[in-house]
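Here is a short report on a two-chain model. Read it with the coordinates open.

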Amino acid sequence: MTHTKLYTAIFAVLFVSATLQVLVEFAGLAYWTAFGIIVALSAFKAVLVAAYFQHLRFEPRSLTYVVFIGLAAALALTLAASYSIL
Amino acid sequence: MTDEDPTGPEASAGETTRDGPVNGNEADGGTTDGEAPDGGTVTGEEIPVEGAVSDALTASTHPARSTVRHWLTTTNHKDVGILYIVTSLFFLLLGGVLAWLMRIQLWEPRAVGEGILGAMAYNQAVSAHGLVMVFWFLSPFAFGFANYVVPLQMGADDLAFPRLNALSFWLYLSSGLLFVASFFQGGTFAGGWTMYAPLNLPTFTPDVGANTAILALVLFVVSVTVSSVNFLTTMHRMRAEGLTLRRLPIFSWSILLTVWMMLFAFAALLAALLILSSDRILGTAYFVQETAGGTLLWTHLFWFFGHPEVYIVFFPALGIMAEVFQTFTGRRIVGRKWFIAAMVLVALQSFVVWMHHMFLTGINLEIKTLFMVTTIGISLPFDLMVFALIYTLVKGRVRFTTPFLFAFGGLVLFILGGITGVFLGAIVLDYEFRGTYWVVAHFHYVMVGGVTALVGGLYYWFPKITGRMYDEFLGKVHFAVYFVGFNLLYFPMFVAWETPRRVFQYDAWMAPWHKLATVGAFILGLSFVIMFYNLTKSAFDGERVGNTPWEFSRTAEWAVPSPPPTGNFPGVPSYSDGHLSFRSREATDGGTSAESRSTQADGGVAVDAYTDEHDHAEHGSVWPLAVSVGAFLLFLGLSGIREGSLVEGLAGAFYLSAAVVGGLLVLGSLVSWAIEPFDAPEGGFGEAWPFDGVENGKVGMWIFLASDVVLFGGFIGAYVFTRVAAGWVGWQPVPEDPVPGLVNTYLLLASSFTVVLALVAAQKEHRGGVVASLTATIVLGIGFLGNKAQEWQHLFHTGVEPTATIQTSTFFLTTGLHAAHVIAGLIGALYLLGRSLGGAYLTDHRPVEYFGLYWHFVDIVWLFLFPLFYIL
């Protein structure tokens with residue numbers, strides 16, 4: 001039962017931070033400040049889903065690393081390609 | 001123990017492969033002067049196996065293998081390996097004939113309209129030759145060996161997901177046939193194998209066949225992805241006890257690294273190809289952009305795949321060189337540990353050198369310089385490997401057999417190809433060499449150099465696969481003719497390097513060199529006649545071989561009969577005492593997994609394949625073939641759409657019906673596949689680093705998801721890149737109202753939560769809970785799609801179309817790819833719901849768990865798409 005409670009709490013946090021994300025947009029912050037907060041919120045939610053809903057927290061770390069390798073490849077492509085035309 | 005152990009093939013028949021150590025077969029290639037491996041004869045009867053196993057070993061393969069049905073439904077890794085090898089050789093012939101056409105055209109410099117090929121026909125021949133050789137010949141040829149040999153080398157009964165392995169092959173064949181079909185649809189793709197934008201758009205390559213060629217590539221990439229997931233799961237989870245990665249034979253190492261590169265590189269290619277297909281079929285506006293977002297976007301996506309691809313095709317050849325050198329010098333490779341470390345380094349570095357293919361584009365000088373450094377840097381580990389190979393020859397005693405000659409020839413050619421490549425890695429030199437025959441000569445020395453070693457591999461493992469010896473004299477003649485033809489063909493290209501690439505006009509003074517090259521092309525091509533004659537004849541009446549015809553072979557495939565029985569080993573292979581030995585099956589894994597009989601879409605979980613062979617006469621499945629036939633029809637049908645509209649007339653009706661029939665066939669076959677009872681071998685019986693304690697299905701799912709990260713990464717990267725090119729902040733989100741997106745975020749988060757609840761209910765064996773939670777998930781998922789449909793409808797009505805601008809294209813295509821993932825997930829959820837109504841998943845909840853991993857991933861993707869496309 002405690003597990004269900006934990007999952008419910010996480011769902012609530014996800015729900016709230018999604019709302020927060022849109023509120024940040026309307027808060028009238030400077031663009032890049034808002035950008036930073038919004039992306040950070042997305043990353044936060046993604047980590048929560050991966051850690052608990054996909055229970056990566058309770059798996060051998062190697063599974064997490066496999067996903068990180070994919071993420072690193074995608075980021076390398078995106079960042080280096082974007083930098084190349086700056 | 002001396003090198004001169006007289007034990008040859010057949011000499012020790014009947015007294016080998018006892019349940020103890022197999023002489024000389026150390027885990028990784030063992031000591032330098034290990035005993036000569038045993039001979040043994042081919043008939044399986046003297047394999048001393050205990051109990052129930054022996055029937056399966058001796059009786060299972062041969063009677064059935066002569067039937068067509070066996071080959072259409074087989075899932076055994078050895079059969080699939082043979083299918084790969086034979087099919088890839090067919091594509092070698094196709095690619096070779098195309099090359100001949102080019103070389104005939106290049107006999108002398110010609111004006112347009114002269115010679116046997118018209119201008120467009122020549123463009124098609126050039127493009128198709130490159131695509132066929134790189135995709136449909138090189139890698140599949142290597143993966144024929146990988147399929148056949150790797151499970152034997154690592155002590156597995158089969159791959160982790162045998163039906164997925166069959167699917168990989170049939171999708172590969174389907175994609176190849178689709179490519180062949182493209183020649184008959186007005187002409188195949190004619191924009192070069194690199195498919196540069198904007199030549200890859202219908203404006204410049206308008207034929208239906210050009211669509212088909214690109215869709216064929218998409219299908220090929222699907223096949224590769226399935227194969228990568230399968231091999232990675234197998235190689236990490238199913239190694240024999242004691243066979244740590246440090247001890248893994250070097251060919252298996254080369255394949256392991258190849259597959260890791262494949263997993264990520266091909267996902268980037270898939271992103272590129274899906275965007276291109278969308279531009280061609282739906283009419284989105286990615287590659288028509290006249291800013292850097294257009295042509296440069298393609299080159300980034302393509303070469304991010306394309307450079308690792310060079311090593312993807314070359315690594316297996318490298319592995320074969322090392323393996324063959326060990327066997328025919330009687331010496332373990334010098335600096336084995338460093339050789340492997342160098343390969344690992346190359347595999348990593350291969351992802352940070354791609355922009356050296358773009359030195360003549362408008363990317364900035366800083367990044368060019370950086371990529372020059374990484375490119376020169378990647379040659380260093382290769383130097384180490386080359387010297388390790390050479391030093392192995394120096395330290396050992398070479399036996400000049402056919403496999404050795406081809407492997408050695410491959411090394412010599414690669415050295416030349418590698419050195420000439422370093423020239424191209426220097427920015428200043430590349431300014432001069434780019435687009436000339438220097439490049440053509442360089443990469444043929446590398447790639448066809450690799451082919452040379454692979455041909456060596458074919459001779460090397462031919463006795464293992466057929467149980468018979470090829471004719472050594474004809475093999476050597478083949479090598480001599482091949483090597484002369486090769487250098488006659490490609491070396492003149494260095495001399496005549498000023499010839500512009502991809503066209504048939506060049507300065508007249510170079511004509512003699514091109515004539516020489518054309519003569520070489522025919523010598524090289526015809527040398528294969530000797531090989532085909534030799535191997536075909538020998539397959540039927542060559543001298544029989546026992547376990548191994550090679551005096552110093554050490555890897556495990558040579559410790560079993562030739563060809564190996566269906567179940568591979570007479571017991572459970574183990575390296576725990578440093579040598580290969582077989583332990584009795586009953587004692588080790590009988591009954592460990594009896595409860596896990598349920599099946600699932602990814603290939604099922606399994607009980608021991610051996611003991612089960614008595615229950616199931618056939619260990620095959622027709623569904624991989626059926627899915628592939630359906631995919632062929634579906635993609636053929638899709639090729640008939642151009643920028644949103646179907647081709648006219650009867651042809652249009654044909655394409656439409658092909659797509660519908662194909663789509664239904666794929667769907668129906670997948671469902672039948674999921675329902676079909678099938679026993680796949682389980683992992684975790686030996687070494688499973690780094691995935692100890694995680695079952696095969698879950699590892700496979702995570703590996704697949706990692707590749708999906710790169711697929712979405714490619715799409716999001718394309719969006720970010722395009723937006724940077726357009727000036728980031730001047731770009732407004734397409735939907736003016738973020739609320740529908742926010743609602744969808746809520747819906748998807750809620751659906752993730754219900755999937756978690758479904759898993760909790762399954763763990764508590766609460767059927768009603770599973771059914772209710774899955775139903776809620778489906779309702780929420782449909783709600784997500786419905787909301788999206790409404791939003792899109794609204795956008796369409798206000799004139800916001802996917803084809804309008806690059807902003808709308810990126811919005812609709814990226815969120816559309818995500819929606820497609822949601823739809824696929826919903827189909828899976830419906831299947832789970834149907835089964836859970838009957839009470840499934842209460843004892844084995846793994847399918848629900850794996851589905852959840854996928855569904856949460858789709859959720860996570862949306863968590864990034866929402867801000868990127870609605871708020872920022």
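Which residue follows α9(B), and what is the sign of its phi? The residue is B:G330, and its phi is positive, near 65°. The model is a predicted one, and every value below is computed from it.

## Helix α9 of chain B

Helix α9 of chain B covers residues 292–329. A kink of about 35° lies at B:F314 in this helix. The proline B:P316 comes shortly after that kink. How many residues of α9(B) are buried? The count is 36 of 38, so the helix is largely enclosed by the rest of the structure.

Two further helices of chain B can be set beside α9(B). Their spans run from first C-alpha to last.

| Helix | Residues | Length | Span | Expected span |
|---|---|---|---|---|
| α6(B) | 162–182 | 21 residues | 30 Å | 30 Å |
| α9(B) | 292–329 | 38 residues | 53 Å | 56 Å |
| α22(B) | 739–763 | 25 residues | 36 Å | 36 Å |

In α6(B), 18 of the 21 residues are buried, so this helix too is largely enclosed by the rest of the structure. α22(B) is mostly covered, with 18 of its 25 residues buried. Just after α22(B), B:E765 takes a positive phi of about 55°.

## Chain B as a whole

Chain B has 872 residues, and 59% of them count as buried. Its secondary structure comprises 25 helices and four strands. Take the contacts in chain B with a separation of 6 or more: 83% of them join residues 24 or more positions apart.

The domain assignment splits out domain 1 (65–557) and domain 2 (732–872) of chain B. Their centres, taken over C-alpha atoms, are 39 Å apart. The contact between them takes nine residues from domain 1 and six residues from domain 2. On the domain 1 side, helix α8 (residues 250–282) of chain B gives the largest share, three residues. That side divides into four nonpolar, five polar and no charged residues.

## The nonpolar core

In soluble globular proteins, nonpolar side chains tend to be buried together. The largest nonpolar core here has 295 residues. Those with the most contacts inside it are B:V132, B:A268, B:A272 and B:M321. α8(B) supplies the largest share of this core, 24 residues.

Which residues are in contact with B:V132, leaving aside its neighbours within four places in sequence? They are B:F91, B:L94, B:G95, B:L98, B:F137 and B:F179.

## Two residues, two settings

B:F184 sits in the loop between α6 and α7 of chain B. Is B:F184 buried or exposed? It has 11 C-beta neighbours inside 10 Å, so B:F184 counts as exposed; the cut-off for exposed is 12 or fewer. B:I641 lies 457 residues from B:F184 along the chain, with 16 Å between their C-alpha atoms.

B:S228 is placed in helix α7 of chain B. It has 25 C-beta neighbours inside 10 Å, so B:S228 counts as buried; that status needs 20 or more. Not counting residues up to four places away in sequence, B:S228 touches B:V259, B:M262, B:L263 and B:S707. B:T194 is 34 residues from B:S228 in sequence, and their C-alpha atoms are 23 Å apart.

## Chain A and its contact with chain B

The domain assignment of chain A gives domain 1 (1–54) and domain 2 (60–86). The centres of these two domains, over C-alpha atoms, are 22 Å apart.

How many residues of chain A are in contact with chain B? The contact involves 42 residues of chain A and 51 residues of chain B. On the chain A side, the elements giving two or more residues are α1 (2–26), α2 (31–53) and α3 (61–84). α3(A) gives the most, with 17 residues. The chain A side divides into 29 nonpolar, 10 polar and three charged residues.

Conventions. Residues are numbered from 1 along each chain as its sequence is written. Chains are lettered from A and ligands numbered from 1 in the order in which they are written. This is a predicted model: local features need pLDDT of at least 70, side-chain atom pairs count only at pLDDT 80 or more; totals for chains, interfaces and linings use all residues. Two residues are in contact if their C-beta atoms, placed from the backbone, lie within 7 Å. Ala, Val, Leu, Ile, Met, Phe, Trp, Tyr, Cys and Pro count as nonpolar, Asp, Glu, Lys and Arg as charged, and the others, Gly among them, as polar. The expected span of a helix is 1.5 Å times one less than its number of residues. The bend at a residue is the angle between axes fitted to the seven residues ending there and the seven starting there. Domain bounds come from an automatic or database domain assignment. A nonpolar core is a set of buried Ala, Val, Leu, Ile, Met, Phe, Trp, Tyr and Cys residues joined through C-beta atoms within 7 Å.
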